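Let's take a walk through this model, starting with the whole chain and then zooming in on a helix and some charged side chains.

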Amino acid sequence: MHTIATVLVAGGEGRRLGASVPKALVPLGGRPLFLRALEALAGLPGLAGQVVVTPPGMESRFRDALGDAASALRVVAVVPGGARRQDSAAAGFAAVPPSASLVLVHDAARPFVPAADAVAVADAASRDGAALLVAPVVDTLKRVGPDGSAVLETVPRADLRRALTPQGFRREVYASALARAVAGGWEVTDDASMVERAGGAVTAVPGDPSNVKVTTPDDLARAERWLAGDGGTDAFRVGHGWDRHRLVEGRPLRLGGVTVPHGRGLLGHSDGDVLLHAVADAVLGAAGLGDLGVRFPSSDPRWKDADSSVFLREAVAAAAAAGWRPVNVDATVVAEEPRLGPHREAMRRSLAGLLDLPEDAVNVKAKTAEGLGPVGTGEAMEAHAVATVRRKGRDA
Ligand code: MG
């Protein structure tokens, strides 16, 4: 089993992103690119530590952005880079823990590297000395003249690959190539090319093409959409809610914000709407925000006989403030009587309105308890709910 150190090189001033901060500090989904890259690699088996190389003079900005996350992300050093690519790489390599037998060098502006790809590169580097992730070139390539307007020829692309990161090296292979690149003043744009130029073999490992480098505003917008959409391990969360209220004489029966004609209603400090309470708890739960009881204590006279719609609206607003919006809700009301089937669509519409969701994203089911337990004997009603929330992108 090899021991791995990562070196994340945060080159680039962010000018192409139109930002006033180094590219790796630009936020994606609310967190700097380099933090996301560190997170993507923090779980590597055999990881001895991660080194961050910052643009010269920017160390404290990166340390501030890291904050308390440094130890969880296994960051062992934040060091300033140099003028040339190999100088930055050498600064990072000097801070690599002595126990590391493999070094994985990664662009800090590649936040979407799959852990499996990093493991594959490490394995290939351990076996062959040096390896990098590559992706096919999908566009047809043209060679153009000096002014960029005249096409000179079409370049065959079958044997061309895009170089991604991480690029992995056995420690001694990297040390030797790096020393020669620094001493020789080589012009290099990635680390594998130092080994190539030093005469070493480099293995190409097919990588996930979505492991993109975020360089331009277009890249950033695409990355935000991807993160807010179907990508990213933390783009979605699920919450669960459950509630039960006693049925008593002399109160209106409120379910899902709808008044259902019945001889009895649900007892509660508020209107006792068991379905709205379960849904609100599911939304709060998905966003990691505790529960209704904590946010709206029954000791507060403001909520006496309150329309529980306010609780669900508040839960949605609190989730939004924490960066989450509901995607869908599925709920089940368990009641012996009355028959709820005829009211299901009205409850669904009401919930969809409160959640600001299309009706087909909300589902309400009605069940009986088969005469069993407090619900079965008509003493109480129950509701269960599951809510999915999605992380809000910057443009969402
Ligand atoms: Mg309740």
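Here is a short report on the overall build, one helix, the salt bridges and a buried acid.

## The chain as a whole

First things first: this is a predicted model. The protein chain has 13 helices and 18 strands. Along the principal axes, its C-alpha atoms fill a box of roughly 90 × 50 × 40 Å. The radius of gyration is 28 Å, whereas a compact globule of 396 residues would come in near 21 Å.

Half the story is inside: buried residues make up 50% of the 396 residues. If you look at contacts with a separation of 6 or more, 73% of them are between residues 24 or more positions apart.

## Helix H8 and its buried side

H8 covers residues 217-228, so to speak a 12-residue piece. From first C-alpha to last it reaches 16 Å, close to the 16 Å expected at 1.5 Å a residue. Which residues of H8 are buried? They are Asp219, Leu220, Ala223, Glu224, Leu227 and Ala228. These residues sit on the same side of H8, because they cover an arc of only 160° around the axis. The general rule behind such a pattern is that an α-helix has 3.6 residues a turn, so residues three or four places apart point the same way.

And what do the buried residues of H8 pack against? Their partners are strand E2 (27-28), helix H1 (33-41) and strand E18 (380-391).

## Salt bridges

Side chains of opposite charge can pair when their charged atoms come close. The structure holds 17 salt bridges. One of them joins Lys213 and Asp107, at 3.7 Å from N to O. Lys213 belongs to the loop between strand E11 (203-206) and H8, while Asp107 is part of strand E6 (residues 102-107), so this pair ties together parts that are 106 residues apart in sequence. Lys213 counts as partly exposed because its relative accessibility is 33%; Asp107, with a relative accessible area of 9%, is buried. There's a bit more going on here, too: salt bridges that share partners join Asp107, Arg110 and Lys213 into one network.

Arg251 and Asp305 make another bridge, their closest N and O atoms being 3.3 Å apart. This pair links distant parts of the chain, 54 residues apart. Arg251 is in the loop between strand E12 (236-249) and strand E13 (253-255), and Asp305 is in the loop between helix H10 (292-295) and helix H11 (309-321). Is Arg251 buried or exposed? Its relative accessible area is 19%, so Arg251 is buried, given that the cut-off is under 20%. Asp305 is partly exposed at 44%.

For a pair that sits close in sequence, try Arg170 and Glu172, whose closest N and O atoms are 3.2 Å apart in a salt bridge. Arg170 counts as partly exposed at 27% relative accessibility, and Glu172 does too, at 49%.

## A buried acid without a bridge

Now for Asp281, found in helix H9 (residues 274-286). Asp281 is buried yet has no salt bridge. How far away is the nearest side chain of opposite charge? That side chain is Arg295, 8.6 Å away, while a salt bridge needs the nitrogen and oxygen within 4 Å.

Leaving out residues up to four places away in sequence, Asp281 touches His240, Gly241, Trp242, Asp291 and Leu292.

Terms used: Residues numbered from 1 in each chain as written. Predicted model: local features only at pLDDT ≥ 70, side-chain atom pairs only at ≥ 80, totals over all residues. Heavy atoms only, no water. Helix = DSSP H or I, 4+ residues; strand = E, 2+ residues; numbered from the N terminus. Expected span 1.5 Å × (residues − 1). Buried < 20%, exposed > 50% of the residue type's maximum accessible area, 1.4 Å probe, protein only. Arc of directions from axis to C-beta. Contact = heavy atoms within 4.5 Å. Lys, Arg positive; Asp, Glu negative; His and termini not counted. Rg over C-alpha atoms; globule rule 2.2 N^0.38 Å.
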